[in-house]
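Me: I should like to study a protein structure by asking short questions and reasoning through each reply. May we begin with the chain as a whole and then turn to single residues?

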Amino acid sequence: MTIITGKRLTLEEYLKYDDRTDSQYELVAGELVAMPPESPKNVQIPLFCHSPKTFAISEF
């Protein structure tokens with residue numbers, strides 16, 4: 001868990017926060033915490049769910 005800011009943020013400040021990167025953060029007890037990147041497996045799941053093979057299987 002990596003804390004990004006030294007001060008506590010309000011929800012409004014969190015929603016406006018933009019560090020101009022693709023990083024994602026969550027607000028924990030007022031502190032901005034960096035979230036880990038998605039695993040390759042998590043990236044593949046929606047691709048599999050929207051593939052034509054999945055639709056053919058789900059029709060049975």
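**The chain as a whole**

In this predicted model, buried residues make up 13% of the 60 residues in the chain.

Me: In what order do the elements of the chain run from the N terminus on?

Reply: The chain holds 3 helices and 3 strands. Read from the N terminus on, these elements follow the order β-α-β-β-α-α.

Me: What share of the exposed area do carbon and sulfur atoms supply?

Reply: The area that the chain exposes is about 5,400 Å². Of this area, carbon and sulfur atoms supply 60%.

Me: What percentage of the contacts with a separation of 6 or more comes from residues 24 or more positions apart?

Reply: Contact here means heavy atoms within 4.5 Å. Among the contacts in the chain with a separation of 6 or more, residues 24 or more positions apart account for 24%.

**The hairpin and its loop**

Me: Which residue in β3 stands opposite Val28?

Reply: The strands β2 and β3 pair in the antiparallel sense, over 4 bridges. Within β3, the residue opposite Val28 is Glu31.

Me: Which residue takes a positive phi in the hairpin of β2 and β3?

Reply: This hairpin has 2 residues between the strands. The residue in question lies in the loop between β2 and β3 (31-34), and its phi is about 50° although it is not a glycine. The residue is Ala29.

Me: Is Ala29 buried or exposed?

Reply: A residue counts as exposed over 50% relative accessible area. Ala29 has 60% relative accessibility, and therefore it counts as exposed.

**Salt bridges**

Me: How far apart are the closest N and O atoms of Glu12 and Lys16?

Reply: A search of the whole structure finds 3 salt bridges, and one of them joins Glu12 and Lys16. Both residues lie in helix α1, 4 residues apart, about one turn of the helix. Glu12 is exposed at 52%, and Lys16 is exposed at 62%. Their closest N and O atoms are 3.2 Å apart.

Me: Which residue meets Glu13 in a salt bridge?

Reply: Glu13 is partly exposed, with 30% relative accessibility. Its partner is also partly exposed, with a relative accessible area of 48%. The two side chains meet at 3.1 Å, N to O, and the partner is Lys7.

Me: Which residue meets Arg20 in a salt bridge?

Reply: Arg20 lies in the loop between α1 (11-16) and β2 (25-28). Its phi is near 60°, a positive value in a residue other than glycine. Arg20 is exposed, with a relative accessible area of 73%, and its salt-bridge partner is exposed as well. The N to O distance is 3.4 Å, and the partner is Asp18.

**The aromatic pair**

Me: What is the angle between the planes of Tyr17 and Tyr25?

Reply: A search of the whole structure finds 1 aromatic pair. This pair consists of Tyr17 and Tyr25, with 5.7 Å from centre to centre. Planes over 60 degrees apart count as edge-to-face. The pair is therefore edge-to-face, because the angle between the planes is 90°.

Me: Which residue of the aromatic pair is buried?

Reply: Buried means under 20% relative accessible area. Tyr17 has 32%, so it is partly exposed. The partner has 14%, so the buried residue is Tyr25.

How values were computed. Residues numbered from 1 in each chain as written. Predicted model: local features only at pLDDT ≥ 70, side-chain atom pairs only at ≥ 80, totals over all residues. Heavy atoms only, no water. Phe/Tyr/Trp six-rings, centres within 6.5 Å; stacked < 30°, edge-to-face > 60°. Buried < 20%, exposed > 50% of the residue type's maximum accessible area, 1.4 Å probe, protein only. Areas by Shrake-Rupley, 256 points an atom, 1.4 Å probe, with all protein chains shown as cover. Pairing = 2+ DSSP bridges. Salt bridge = Lys/Arg side-chain N within 4 Å of Asp/Glu carboxyl O.
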